[in-house]
Amino acid sequence: MMVVGIVAVCVVLAVLAFLAPRLSHHPQRGTQRTLGAGSRAGGKAPGIFGRALSKPFRSSSKAVGRSGSAGRRARGRMPF
């Protein structure tokens, strides 16, 4: 269920970044901040469990960053 949610957030963020590049920075930072909090909370578990619990949040945060930057980059490449 979390995967579907992250994919939906990435798609919405990419579309927002394409349509309104300046307005997309704030939602992207908010999403990454939320995912960072989950990663830090999961990382407090001892040993390998901490790494295993924080990894989905770290990779999701990277995916959100990539989708936002890809939308802004695509907008910058538009010929008009």
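Okay, so Val4, Val12 and Leu19 are exposed, out on the other side of helix H1 from its buried residues. Keep in mind this is a predicted model.

Which residues of H1 are buried, then? Those are Ile6, Cys10, Leu13 and Ala17. Looking down the axis of H1, you find the buried ones within an arc of 70 degrees, so they line one face of the helix. That fits the general picture: an α-helix has 3.6 residues a turn, so residues three or four places apart point the same way. And what does that buried face pack against? Helix H2, residues 25-43, and helix H3, residues 47-76.

Quick check on H1 itself. It covers residues 2-19, and its 18 residues at 1.5 Å each should span 26 Å; the end C-alpha atoms are 26 Å apart, which agrees.

Now the core. The largest nonpolar core has five residues: Ile6, Cys10, Leu13, Leu35 and Val64. H1 gives the largest share of this core, three residues. Take Cys10 as an example: beyond its neighbours within four places in sequence, Cys10 touches Ala63, Val64 and Ser67.

On to H3. With 30 residues, H3 reaches 44 Å from first C-alpha to last, close to the 44 Å you'd expect at 1.5 Å a residue. Where does H3 bend? At Lys55, by about 35 degrees, and there's a proline, Pro56, following within four residues. The buried residues of H3 include a run of small names, among them Gly50, Ser54, Ser60, Ser61, Gly65 and Gly68, plus Val64 and Arg72. The buried residues of H3 pack against H1 and H2.

Methods:
Residues numbered from 1 in each chain as written. Predicted model: local features only at pLDDT ≥ 70, side-chain atom pairs only at ≥ 80, totals over all residues. Heavy atoms only, no water. Helix = DSSP H or I, 4+ residues; strand = E, 2+ residues; numbered from the N terminus. Expected span 1.5 Å × (residues − 1). Buried < 20%, exposed > 50% of the residue type's maximum accessible area, 1.4 Å probe, protein only. Arc of directions from axis to C-beta. Contact = heavy atoms within 4.5 Å. Bend = angle between axes of the 7 residues up to and from the residue. Core = buried A, V, L, I, M, F, W, Y, C linked by side-chain atoms within 4.5 Å.
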